[in-house]
Each structure stands twice: as structure tokens, then as C-alpha cells.
4 protein chains.
Amino acid sequence: MIKFGVIGYGYWGPNLVRNLFEVPQARVVAVSDMRTERLAEVTSRYPSVETTTDVQDLFDNPAIDAIAIATPVSTHFDLALRALRSGKHVMLEKPMTSTSEQARRLIDEAARRNLTLMVDHTFVYTGAVRKMKEIVTSGKLGDILYYDSTRINLGLFQRDVDVIWDLAVHDLAIMDYILPSGPCAVSATGINHQFGGTENLAYITMFFEGNLIAHLNVNWLSPVKVRRTLVGGSKQMIVYDDMEPSEKVKIYDKGITLNSGTDSLYKALVGYRSGDMFAPQLDVSEALKVEIQHFLDCIQTGKEPLTGGQAGLRIVEILECASRSMKQRGKLVELEASDLMLSQGAA
Amino acid sequence: MIKFGVIGYGYWGPNLVRNLFEVPQARVVAVSDMRTERLAEVTSRYPSVETTTDVQDLFDNPAIDAIAIATPVSTHFDLALRALRSGKHVMLEKPMTSTSEQARRLIDEAARRNLTLMVDHTFVYTGAVRKMKEIVTSGKLGDILYYDSTRINLGLFQRDVDVIWDLAVHDLAIMDYILPSGPCAVSATGINHQFGGTENLAYITMFFEGNLIAHLNVNWLSPVKVRRTLVGGSKQMIVYDDMEPSEKVKIYDKGITLNSGTDSLYKALVGYRSGDMFAPQLDVSEALKVEIQHFLDCIQTGKEPLTGGQAGLRIVEILECASRSMKQRGKLVELEASDLMLSQGAA
Amino acid sequence: MIKFGVIGYGYWGPNLVRNLFEVPQARVVAVSDMRTERLAEVTSRYPSVETTTDVQDLFDNPAIDAIAIATPVSTHFDLALRALRSGKHVMLEKPMTSTSEQARRLIDEAARRNLTLMVDHTFVYTGAVRKMKEIVTSGKLGDILYYDSTRINLGLFQRDVDVIWDLAVHDLAIMDYILPSGPCAVSATGINHQFGGTENLAYITMFFEGNLIAHLNVNWLSPVKVRRTLVGGSKQMIVYDDMEPSEKVKIYDKGITLNSGTDSLYKALVGYRSGDMFAPQLDVSEALKVEIQHFLDCIQTGKEPLTGGQAGLRIVEILECASRSMKQRGKLVELEASDLMLSQGAA
Amino acid sequence: MIKFGVIGYGYWGPNLVRNLFEVPQARVVAVSDMRTERLAEVTSRYPSVETTTDVQDLFDNPAIDAIAIATPVSTHFDLALRALRSGKHVMLEKPMTSTSEQARRLIDEAARRNLTLMVDHTFVYTGAVRKMKEIVTSGKLGDILYYDSTRINLGLFQRDVDVIWDLAVHDLAIMDYILPSGPCAVSATGINHQFGGTENLAYITMFFEGNLIAHLNVNWLSPVKVRRTLVGGSKQMIVYDDMEPSEKVKIYDKGITLNSGTDSLYKALVGYRSGDMFAPQLDVSEALKVEIQHFLDCIQTGKEPLTGGQAGLRIVEILECASRSMKQRGKLVELEASDLMLSQGAA
């Protein structure tokens, strides 16, 4: 039995607590939040859980083994560091930290203390993304040619992060999990429409070694909600549409083919091949529950989580580069520590 | 009655001929193509039409008033110039020419001879795009904040042009028509997957004066066909989905609003407003027929077509900049002749 | 403050308890279920709630004002009657009872004791259905010509009821609420595929006084989930698609028109008119919460609920007729008590 | 080379002529129509084709081998009989005739003269329906449990036929082709909204020997166009959506399964199994062209067409029964000549 303290009971915290209650090997001991009305919610729904406005109570509580942190990103580093120094395992909301330097320091701290540090890249634990990973790893797609994702909706403007840190982080976590390697350079564009905050829509192109390119379209100002990712291979292609109630992942038996056409002034010798479509059944378990079980498993076995500190760091590094490129209207920014860019899959 | 010669009977030529037959004030006199089997198609379907493998026959034919050119872009400049010099009005397939310099020379030639020069930006003449123009011009959207288009499908790889010149040209023509001004700088990225041709997918960001940004996603390697454009305004937003059998244009009464929230650490003061959606009935006339009627009207009245040489030039200039930026992985390219960038709407 | 006992903690009971906890004027005192493992669920989530395997404990508890019953339909009459005789208000799952005779006896019992009796026709309290009611009542549709609903999915086969009593009951509750009058005759067909149970797909036509017809298609064996209702009027028409994430209700400005065509051998003088489409914003409050608030309001004011005993009875009467017609392969069955068939709207 | 006369150049006739021109082994010699303006259309597009307002000219023309008839159904019998008596093969628009008695007389006439008589059930020749036939015949679906089709749109009201004869005829032709046997009894309901014509929406249930039921929903007054057919089997199920631009046929690996559940008061022992979905690539040849080639093949070989007179008759018999049942509000009508009801597939 692993006993949890949860910091932050805003948007995501209630999901954490609810899922922690549904996993038999976990128990929620205490929740902290600076807002007493949020804590009243906790008490009314889970009378057995202690509440406090002072996070230090959680760090000081010897009954707590692990801390889940669901607060704004600007607070992640400080809270996670204090949790680790108190000897607690940490499950940290995404993005991991505000800077890659902070991420590296958390990784070191956790390593030194033999504590499990996991970043809550929830999508990685969905049935859809795990199925995509399986397909990509199987080699059925042939050469991976592109990764193209659109994640747009009408969303509340964040104050402490731009749309890249809020939305693209999801796509980067999925990419990091399913692609065999990470990007080596980034060009991003975007705009801050001056509604008082940060950039509210952005476009990010990532260049990889070899024949692969990736692109993300993220937008807080779209009248329609779109969650669609294409993974194009030379033999097959995937469309992942998270708005579909079922059949979220479709595999198209379509690809490139050589024409021996004579109509050469008009058309190139390269054409396409069109075939069947297949939508595999997906595991519909709630991702957060699967993730919590994985976290518990990593705590007990000491193994690195699928979305551990290294994965969190890789994503923060790309976020940093993308924001830097966006400020310079698309100027190419190279990812320095490309040796760190190897994804879990390649490790 | 305007009598036409048509050059090129490949993919688009048959559509031109069919629509020219349906417009009472037009008549097709002759068709030329280098491929005799294509000409045999003409004869079997339209026995009254003369055919020739020598374009010069059309230029020399005094019965012909106007020439429609539907050949690969690399031939546009030469054929259009010869047509104008023969005293014929010209309707030229998009993109207008391979370079902006060529476009300028055609504009000059047509002006000097008082001939009508029109570029076949077909989408401008659809009911959907004309309705969007009407909405944007009415001011109902508030400030125009972004233009975001996706035009992807599994398409034959072109040999003489990259995907930007093949697909993005449509979006640029629509943008040029409905937006009040043109872009001042471009950052584009893309990839040539080395199937023997040119770049086969690309992403183009365009920066405008003021608070507006535009982005195009074009791809010849998508397993699904997407044709979707978002026009985001501060008060209302448009979604134009050309794959919808009806209700192609939807207007969302959604926009930005100010929160007076107290939950300020977590959420910014800027939020959104969500309201009704409205899909106006659209004129379903075939766009090419509407366009031909407009061309005839311009020939008779001498007025500049909605998609005349100037519009064609503006689009070619953006295409040039986008291709140049793409070669340099997103490097910002400024549009020089920004005074030419004023769209028809603002003129 | 109204204090509740809840009977049945299977599929729907947890939703009732959760929503009762969210309504400030309500409190859950006790839950009963015959299965101790279900009661353990209650205790773990709501430690303050008493649990019992003996329903009599709820009827005997003087602290309880109202009973919510979420058990199989075969038990409804007995449990509701005992609750009413114990002086408790009753909120009863749909369908109200197994027979119309039982429904009449419950109505009488509640009336005699001045207790509120409500049937949980949840859909009536959704934003979508309330909006449809508003549109129909406004007269904008013109004459109501037809009501056509499809409610199909792959569902667990029920043992004690056929698919009409399980699925069509939802459509009948919606129809009863939004149409100005009830049907006068029913013809139903269906099949029992002999998987051990009852009829698992059925088609129900209802005839009304005047120019109106209704049809329901219900099926437990469909590979796809469809929830779509059309309400056709002479001036406008509604499409209600509950599977849409937003824009569930669309109003089409389409209708009948007179042609003065001369092509009379081929086409009739009657044609159609096609216009704009409009999707009003809907209230997205959880229907069950709205319904509970309405129940509390009815208890306090003594007014008849929108979905009170009379509405429940009207639906059970149609269900009885439909099942009877289905057993005789479509034989027309007249609804006897047509004076009871007047819906809430007309009352 | 088979030479054709075409009777009727209204809605469908132009499609016939266009496709006849595209089949090398066919030639159109003459077209007749009572409306001279329709004949002028023929002449302008196909100057080589003779035109006449007198059908007798076609019957008398010895150069004509076959007659395609695309006129209102009330004229089918007379025109087809005269064509056969003139020694011409006949391709007749659907529905074949106004009565089954007429259909039988045409079959006899064609048989006596060794002429090919085909009914234009176009859908049977689409890639989608041929693929469905292949799947059903393969046995993969397991036992066929139901056939459920919706064919609704805003359509011109016909004068000489009701909606069953106009729209349901398509579904009956598809059913007749893909199901191993025909129905033995029909119950239909519908309404004539008194806009001057006939019944404009209808619901038809068909009972089969064994465990199969079929249902059709046809409607001229729907604001949305739906063309969806479900074929439910015990092992797999098909959804055929003709409005989808691609993936029109989807095969769901879903079916019935036995539960060994203990929760027996609430759920039956029968549940469902949910698996992958598969959308096979379809032949996209134009159906009418495939059909004409089949007609030519049958003329040359003397074999019975897939949609010959017998198939046409079977459908007319069901149409007669359905209209008769509809007039009596769902009264069951048995199909007498059930030995004729065997479909092509079972023959």
C-alpha cells in the first residue's frame, strides 16, 4: 500500500484523487491547496482525507510515501524538490518544469535518493497511444515519413505559460513515446493576440535525422475542438482522432508507389497505393488509472517509468527551443543535447 | 458570343470545355494538345470542335477571341505571352507563372493590348468562398485574428512543382480574396521525401501587419483528405469544410471575453464566450461556370477580373517567398513589394 | 433540506447518489441494495451514508423524506407503493411500472397522501430536449409532420424487459414532453433472436390525430451507436443527434413548397425549400441534477412534476400497446384512454 | 457492337447516354423524348445521335438492337412490351413495372423471343454492394440476423408513385441481391401529408423464414440526407454508409456472446463481443458503366442478368405488398409466390 499526498485540487487534482481511490494499492492520506473552498470540496466528497493549506504538512507527514503535484508549472520545481528532499516519490504534472535546468536538478535529486520521479504525461497511458506505439514498433508503417498533429479548441488563456507549454506538451509526450528518436532542430511560429497573456496559437516544425519531419498546430482560439494526429509511413499510415467516440486509431494501407507512366510531362513517376483501412479495438481503461498503477509498480521495483524524469526533460528541452524559435519568427533552433533526445522506445 | 481556343486537355481541360459548352455566350472553336489520344477524346465527345497538336493553329485562328490555357505551369508564361501577342484574351490556369517576373510581364502585355487576363483561381467563385468574403467584409467577425487552412490528401507527386505550388496556391487565392490585406513575411518548412521529386509536404506561416497570422498545411501524403479552413475573429469565427456535402461554411458565435475571476494564479483574466452556430445556405452553382461568365463579362466591359493578373502576381510572389523560406528551414522571408500585396477587397 | 433514501446501487444508483450530493438542498441518508459488495462501494466513497440490505429500514426511517428507486422495473410497483405508504415522496426509475394498472394505483396512492411521485425520464431535463420543446412550442416548425427516432447500439440483453421497454421508453418520454398530443394507435414489429431473452430489436409506428406520424427504431444489436431524432415540420425541421459532442440540436430552415412546374408528367407540383441551418447553444448542466432540483421544488410547492405519475402512465400505456402489437407482427393496437394521452405540453 | 435507342431524356436518361458513350462495345443511335427542348440538349452534346418525339421510330429502326427505357414507371410496361415485340433487347428503369402481373408478362415476352430483359437496379453494380454480397456469401457474418436501411432526404414529391416505389425500391434491389432468400410477409406504415400526392414517408418491416428481419425507413421530407444500411450477423456486422466519401463499407467484428455472470437479476446471460473494424477498399468504377457492360455480356451470351426480369418481378411483388399493408396501417401481408422470392444468390 502506497500512501499519497496530493498538492493542488484545481482542475486536475480531483481526477488524481478519484483515480487514486480506485487503485487498491494506493491510498490518499492528505490533500493540500491554498484555497479553503477547494479543500471543503475534498472533505465533502472524501471525509476520510486530511486537508491543509500548508504543503509543508505533507512533506513532514511520515505516513506519506508519495506526492502527486497538480499545480501551475511555475511551482513544480520548488514543490518537487522539497518533496524529494523529504524522501517522497513524486508524480509531477506536465510540463515537468519551467526550464530544462530545473528538470535536470530534479532528476539528479531523485537519483541520489533512489526515489521514483514520474511526469504525468497521461496520453502515453491511453489505449490509443499504446496501440500506436505497438504499430510503429512493429515496423508495419515502413519508414516513418512525418508526424502531424492538430490540437485546437476554445480554451482558457493561461497566464503563466504559452499555448506551446499548455497544449503542445501533450503531442511532444506522445511523439517522444512512439517515435524511435527525437528531433534535432525546431522552427516555430505563433502569435500573442494581446489579450493580456502569452502566445495563444502556435505552429511548430521539428526536423529529425533522416527522412522524418514533425509538425504541431496548437490553438486556444479555435471554435471547434480538433485532436488529430497523422503518422505517415512509406507503407502504411495512422490517423489518430481522439474526438471519435470509438475507432480512435485507424490504420490505412496506403503508401507510395512507383509509376511507369508515360504521361511524364504532367505527372511524376511517383504515385500512391490505396488499400484497406483497419481500426483495431482499443483498451478503454482510464489512462490515469493505468498510469498510477505503473507509478506504483516503478516505486516497488525501482525501474524507470515510461514517462520518468528523462522523458520529462526531453520534452521541456523541445518546449524551450520552440518558444525561443517562436520569439524569432521561425528561426531554426538546434537541440543541443541531442544524445538526450533518444526516446524511451530507442533506449 | 466569345469564341474560345483551349490549350491542354489533360486533367482540367475537360472541365473547361464542358463548362464553356454550358455558358450560352461562349463557344469552343478548337482544342490543342500534344497527345493525339487526348484529342480523340475531344472529337468523340464534341464532334463540332476542331483539334490540333500545334498551338500555333489557335493563335493564328482569327475566329478565336480568347484562349484558355490548362497546361503545366512551366509552359504558362510562353503560351500566355504568345496568346496575348496574337490579340487573344487569356484565361490562365493557376499558378499564373513560374516566377513573379513572368507574371509582371504578362500583366504589362495584357494592359498594353487592352486584353483581359484572368487567372483561374476557381475556389474564389464557389458559393462557399463568396459567402465567406461577404461575412468577412460585413465586419461581423470583429478583428480578424488568424487564418488557418489544412489541404491534405494522397495525391500524385508533381514533377515540375512542389506541394506549395500545387496545393497552397488554392489557399493563397482564397486568402487573397477574402482578407483585407496581404502578408508581409513568410516562414515555411517542409520536406522532400526523396521519392524523386520536390517537397511533398509543407507548412507555411504568414505574418501580417497588425494582429493577424495565417498558416497553411499542405501534404500529398495524407491517408485522409482534409479541406478545412478556420478564420478566427474576435467576435465570431468561421469554419469552412469543403468535404462536407452541405453546410460547408459554419459561423460560430464564439470569441474572446474578459473574466473577472479571482482564481488568478491558475487562469488568466481572458476567457472565451460560446454561443450559437449558423450555417448559411450557399449558392451551389458550379464555380467554373460562374468564373467563365465573369471572364466574359470582364472581356465585354473591360473591367479587371476578381482574379486578374494582379491577383495572380500577388500569389506567385508569396509562393516564391514560401519556397525560398522552405529551402532554408523556416528562415523568415520578407515580401518586398508589399504595396502590391493589397488584395482585391482592399483595392 | 430533503433527506433521501436510495434503493438500488447498480448502474444508475451511483449517478443518483452523486447528483444528490451535488444539490445543496438534498442529503442522502441511507442506501439499500441486496448486494453487500455494492454497499461496500457506498461506504468507501460516502462514509456518512448508512447502508442496508433490507429496504424496510429505509421505509421505517423517520429521518427520510423521499425515496429514489433505481431497481429493475419488475420491482418498481411494490417498492414505490411501500414507500408511498410509509409517507415518503418517490422518484422512480423509468419505465414507471410493468403495467398501466400498476401505474394508476401508484398515482392514486400518491394523490391520496399528497406525496410527490416523479418518474426519472432523465432526457426531458437535458438542455437539448428542453431547447427542442421551446422550438416546437414556439410554432416555428409550422405543422408537425413527423417524429422519427433511431436509438441503437450494442447493448447487454435485458432479461426482464424487451428492447422497447429498455430503449423506446426514452423516446416516448421525449415525445410526450415535446409534442402537443399523444398517439392514438400503434403498430410495432420486432424480433427475438432467441439468445435466451426477449425481443432485441423493434420498430414502432405511432399514428396521431391529424397529419402526424411517429416512428422509433430501437436495437440492442447494432455495431454502431446512433442516437438521432428528426422532427419534421412544414416550415422548419429539427435534427437532434445526441452523439454530437456539441451542436446536438440543429434547426433546418427547410420545408415544403409549391411548384408551378410544367414538367408535370415527371414531377408533382409539390417540392421543397432549402435554407439556412442554425444550431442554438444548449444548457450543458447535468440533466439529473436539474431533475433532482425540479423534484425538490415539486415536493416543496406541491405542483405536479413535468414527468410525474401521469406522464409515466402515458408512456407505460404506449409501451403496453407496442409490445402487444409486436407480438402480432404489426397489428394495429388502439390506445384506449386517449384522454389520458394529452401530454404535459397540452395540459 | 450493340446499337441503342434510349427512351426518355429527363433525369436519368443523360446518365445512360453518357455511359453508353463510354462503353466501347455500345453505340447510341437514337434518343426519343416528348419534349423537344430535351432533344435539343441531346443534339447539342451528341450531334451524331438521331432524335425523335415518336418512340415508334426507335422500335421501327432496324439498326437498333437494344432499347434503354428511362421514363416514369406508369409507361414502363407498354414501352417495354412494344420494344420486345419489335425484337429489341430491353434495359428498363426501376421499378420494373406498376404491377407484378405486368412484370410477368414482360418476362414471358422476353423469354419467348430469346431477348435479354434487364432492370436497371444500379446499386447492385456499385463496388460497395458487390463487396457486401461477397462478405455475406463468404459466411463471415455468421447467421444473418437483420437488415436495416435508412434512405431519407428532401426530395421532390413524385406524382405517379409513392415513396416506397421511389426510394425503397433501391433497398429491395440491394437486399434481393445480397440476402440468400426473400421475405415471406410485410408490414408497412406511412403517411400522405396531403401535399397533393402520395405517401411521402414510409416504414417497411419484412419477415423472413428463420431468424431474420428487415426494415426500411424511406422519407422525402428529411432535412438531412441519410443512406445507411446495417446488416447484422451473429459473428460480424456490416455498416454501409453511402454518404461517406470513402470507406463506405465497414465490417465490425462484433457479435453476441454468452455471459456467465452472476448479476442475474439485472443482466441476462447474453452479452456482446466487441472487436476490430475493417473497411475494405472498394472498386470505384461507375456502377452504370459496369451494369451496361453486364447487359452487353448477357445479350451476347444469352445468360440471365443479375438484375433480370425475375429480380425485377420479385421487387415489384414486395412493393405491391408493402403499399397494400401501408394502406391498412401495418396489417401483415403475406407474399404469395414465395417460390419466386428466391434471390439470385440462392438460385
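Between chain B and chain D the contact takes four residues from each chain, where two residues count as in contact if their C-beta atoms, placed from the backbone, lie within 7 Å. On the side of chain B that touches chain D, three residues are nonpolar, one is polar and none is charged. In this classification Ala, Val, Leu, Ile, Met, Phe, Trp, Tyr, Cys and Pro count as nonpolar, Asp, Glu, Lys and Arg as charged, and the others, Gly among them, as polar.

The model is a predicted one, in which local features need pLDDT of at least 70 and side-chain atom pairs count only at pLDDT 80 or more, while totals for chains, interfaces and linings use all residues. Residues are numbered from 1 along each chain as its sequence is written, and chains are lettered from A and ligands numbered from 1 in the order in which they are written.

Two copies of a chain are related by a rotation about an axis and a shift along it. Chain B is superposed on chain D by a rotation of 180° with 0.1 Å of shift along the axis, and the RMSD is 0.1 Å; the fit is by least squares on the C-alpha atoms of residues with pLDDT of at least 70 in both copies. This is the relation of a two-fold axis. Both copies use the same surface, since 100% of the contact residues of chain B recur in chain D.

The contact between chain B and chain A takes 48 residues from chain B and 48 residues from chain A. On the side of chain B, the elements that give two or more residues are β7 (144-154), β8 (185-191), β9 (201-207), β10 (213-219), β11 (221-233), β12 (237-241) and β15 (270-273). Helices (H or I, at least four residues) and strands (E, at least two) are DSSP runs, numbered from the N terminus. The largest share of this side, six residues, comes from β11(B). By class, the side of chain B that touches chain A has 27 nonpolar, 17 polar and four charged residues.

The fold of a single chain can be followed in chain A. Its secondary structure comes to nine helices and 17 strands. The C-alpha atoms of chain A fill a box of roughly 75 × 45 × 40 Å along the principal axes. Chain A has a radius of gyration of 21 Å, which agrees with the value near 20 Å for a compact globule of 347 residues; the radius is taken over C-alpha atoms, and the globule rule is 2.2 Å times the number of residues to the power 0.38. Buried residues make up 55% of the 347 residues in chain A. A residue is buried if 20 or more other C-beta atoms lie within 10 Å of its own, exposed if 12 or fewer, and partly exposed in between, with C-beta atoms placed from the backbone. Among contacts in chain A between residues at least 6 apart in sequence, 67% join residues at least 24 apart.

Chain A is assigned domain 1 (2-123 + 288-306) and domain 2 (124-284 + 312-346), with bounds that come from an automatic or database domain assignment. The C-alpha centres of these two domains of chain A lie 29 Å apart. Their contact takes 20 residues from domain 1 and 20 residues from domain 2. On the side of domain 1, α5 and α8 (287-301) of chain A are the elements that give two or more residues, and the largest share, four residues, comes from α5(A). That side of domain 1 has ten nonpolar, seven polar and three charged residues.

In chain B, B:Gly309 is found in helix α9 (residues 309-327). B:Gly309 is buried, with 26 other C-beta atoms within 10 Å. Leaving aside residues up to four places away in sequence, B:Gly309 touches B:Ala103, B:Leu106, B:Ile107, B:Ala110, B:Leu117 and B:Val119.

Some backbone features remain. Most residues other than glycine have a negative phi, and most peptide bonds are trans. The peptide bond from B:Lys94 to B:Pro95 is cis, with omega near -10°, and B:Pro95 is placed in the loop between β5 (89-93) and α5 (100-113) of chain B. In chain D, a cis peptide bond joins D:Lys94 and D:Pro95, with omega about -10°.

A:Asn114, which is not a glycine, has a positive phi of about 55°. A:Asn114 lies in the loop between α5 (100-113) and β6 (117-120) of chain A and is exposed, with 9 other C-beta atoms within 10 Å. D:Glu247 has a positive phi near 50° and counts as buried, with 21 C-beta neighbours inside 10 Å.
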